[in-house]
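Student: I would like a close look at a single part of this model, the place where the two chains meet. Could you walk me through it in one connected answer?

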2 protein chains.
Amino acid sequence: MSGILFVIGTGPGNPEQMTPEAHSAVSASTDFFGYGPYLDRLQLGAHQNRHPSDNREEMRRAGDALTMAAGGRKVCIVSGGDPGVFAMAAAVCEAIDTGPAQWRSIELVVVPGITAMLAVAARVGAPLGHDFCAISLSDNLKSWDIIEKRLTLAAKAGFVIALYNPVSKARPWQLGKAFELLRAHLPRQTPVIFGRAAGRPDERIIIQPLGDAHASVADMATCIIIGSPETRIISGGGRPELVYTPRSMAGGNK
Amino acid sequence: MSGILFVIGTGPGNPEQMTPEAHSAVSASTDFFGYGPYLDRLQLGAHQNRHPSDNREEMRRAGDALTMAAGGRKVCIVSGGDPGVFAMAAAVCEAIDTGPAQWRSIELVVVPGITAMLAVAARVGAPLGHDFCAISLSDNLKSWDIIEKRLTLAAKAGFVIALYNPVSKARPWQLGKAFELLRAHLPRQTPVIFGRAAGRPDERIIIQPLGDAHASVADMATCIIIGSPETRIISGGGRPELVYTPRSMAGGNK
């Protein structure tokens, strides 16, 4: 008997941004693994079991969930945002790749969700309206040299840059260093959007020009979007500023 | 009197992937603008008016919708996927930026959705599990030189690459040229995922190695994900192949 493993994303935390597909996976599951605050977003029944873990224990969590699914249970791993973007889906695949052969026969269902950069972008207009990239600023799982190289090439390419995992207690200086590096390649007035808890009651969205962007504005739950040289700000009309990156660049056919 | 303009994303077409927030925006609106097939995804009431348009008329559609919202109506522009990723939110911002001053006072509400690359990624595992970029392959709105430069820099950066708008009747050769270019920078066995109608009954997902990837597999509704040199394939267990990009790279602190 083999069970099933769902890997779902709740979106950034606004219940209105969690899809019906994710709700269906929750209803179909008996055992829930994930970072405690993400499990707290679900309304579980008495027959449904919570297995919370710390947010740095991804591989152990993936292994525990796979072991339980291999035993025939209906298991759900819960990520915030989208499970495929710097989250649990890759950890589960890695565990399957390196784990016991029988894990390969478990039915795996990944359910997409609204990832943070999309929710933050929506709150300010359309900063991701043209080519963009997403980079995790954590040097726990890759070297800082690689991060610097990617930031530099992304700026040279003209990508809008979304930064995930910008800061933590153990990584206090990386974001400031990233801003410093990008100032060498991008105009000082390039908009930087700090988005936290987008769409939730405690939402905080702050826009600063790159030249004056302060890393201290961000915490570990902040997603940061750094514009390209094309990104523009619209103000006036008694409304909050809008930030957008135009669809077109000089040199197109139309 | 000023109305309101919602800009929503339906997700890739599976009704289970459209958020409650997007449904609420539909319920609150009286007039709907968008590409006809996207409007067809909504179940509208008798008091709700459809204003379909061709998918190449974004700026006119944005202007028409803003004009109606400025007149006090509750208007909804409908995108597939996420409205902020190569879709209508940027066109609306551009129209506000360059249009009559009173458009700046319209209440604009952008509602995020599941963008194609997240839905395609979920169906095959976690190919976007590490740093990635999204590039529109259309040279209607930017020059082909810029696209080639961005593809090259993205490959050098080690990003997984998601391609939107890979091909159309007027753009038949661009995708083949992009594969040719990337073969100079990436291993021939790099997985290429062609994802069409992810999560819908007519879903088609095809995985080919970059060395043998055929542009003819794609049409205008296909989202393509090209792995990085780190991206791996898992097979066996009687299940479809899984594709994932590990969270870690050599040289991290853990």
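**Where the chains meet**

Tutor: Happy to. Over all chains, the salt-bridge count comes to 24 by the rule used here. Please keep in mind that this is a predicted model.

Let us begin with one of these pairs, made by the side chains of Asp131(B) and Lys142(A), whose salt bridge has an N to O distance of 2.4 Å. This pair crosses between chains: Asp131(B) sits in the loop between strand 6 and strand 7 of chain B, while Lys142(A) lies in the loop between strand 7 and helix 6 (144-157) of chain A. Another pair to find on your screen is Arg247(A) with Glu94(B), also a salt bridge, with the closest N and O atoms 3.6 Å apart. A salt bridge is counted here when a side-chain nitrogen of Lys or Arg is within 4 Å of a carboxyl oxygen of Asp or Glu, so a distance of 3.6 Å for Arg247(A) and Glu94(B) satisfies the rule. As background, side chains of opposite charge can pair when their charged atoms come close.

Across the whole interface of chain B and chain A, the rule finds 10 salt bridges. The side of chain B that touches chain A is made up, by class, of 39 nonpolar, 23 polar and 19 charged residues. Polar contacts add to the picture: 28 residue pairs across the interface of chain B and chain A are in polar contact, with both residues at pLDDT 80 or more.

Now for the extent of this interface. In terms of contacts, 81 residues of chain B touch 81 residues of chain A. The area buried between chain B and chain A is about 6900 Å², and carbon and sulfur atoms account for 58% of it. On the chain B side, Leu141(B), Arg150(B) and Arg247(B) lose the most area to chain A, together giving 12% of what that side buries.

Backbone pairing also links the chains. Strand 7 (residues 132-136) of chain A pairs with strand 7 (residues 132-136) of chain B in the antiparallel sense, over 3 bridges. To locate this pairing, start at Ala134(A), whose bridge partner in strand 7 of chain B is Phe132(B).

From there, turn to the sheets within each chain. In chain B, 3 strands form an open sheet in the order 6-13-12, with mixed pairing. Strand 6 (125-126) and strand 12 (232-236) of chain B are at its edges; each has a single partner strand, so one side of each has no neighbour in the sheet. The parallel part of this chain B sheet joins strand 6 to strand 13 (residues 239-244) over 2 bridges, and Ala126(B) stands opposite Tyr244(B) in strand 13 of chain B.

Chain A has an open sheet of 3 strands in the order 6-13-12, again with mixed pairing. Its edge strands are strand 6 (125-126) and strand 12 (232-236) of chain A, each pairing on one side only. Strand 12 of chain A runs antiparallel to strand 13 (residues 239-244) of chain A, and the two share 4 bridges. Gly236(A) has Arg239(A) in strand 13 of chain A as its bridge partner.

To set the chain interface beside an interface inside one chain, look at the two domains of chain A. The domain assignment gives domain 1 (4-114) and domain 2 (117-244), and their centres, taken over C-alpha atoms, are 28 Å apart. Between these domains, 9 residues of domain 1 are in contact with 11 residues of domain 2, and about 720 Å² is buried, 67% of it from carbon and sulfur atoms. The side of domain 1 that touches domain 2 has 4 nonpolar, 4 polar and 1 charged residues. Across this domain interface the rule finds 0 salt bridges, along with 2 residue pairs in polar contact.

Key: Residues are numbered from 1 along each chain as its sequence is written. Chains are lettered from A and ligands numbered from 1 in the order in which they are written. This is a predicted model: local features need pLDDT of at least 70, side-chain atom pairs count only at pLDDT 80 or more; totals for chains, interfaces and linings use all residues. Side-chain values use heavy atoms; hydrogens and water are left out. Domain bounds come from an automatic or database domain assignment. Contact means heavy atoms within 4.5 Å. Buried area is the accessible area (1.4 Å probe) that two parts lose on being put together, summed over both. A polar contact is a pair of N or O atoms within 3.5 Å; within protein, one must be able to donate a hydrogen and the other to accept it, and residues adjacent in sequence count only if both atoms are side-chain atoms. Ala, Val, Leu, Ile, Met, Phe, Trp, Tyr, Cys and Pro count as nonpolar, Asp, Glu, Lys and Arg as charged, and the others, Gly among them, as polar. Two strands pair if DSSP finds at least two bridges between them.
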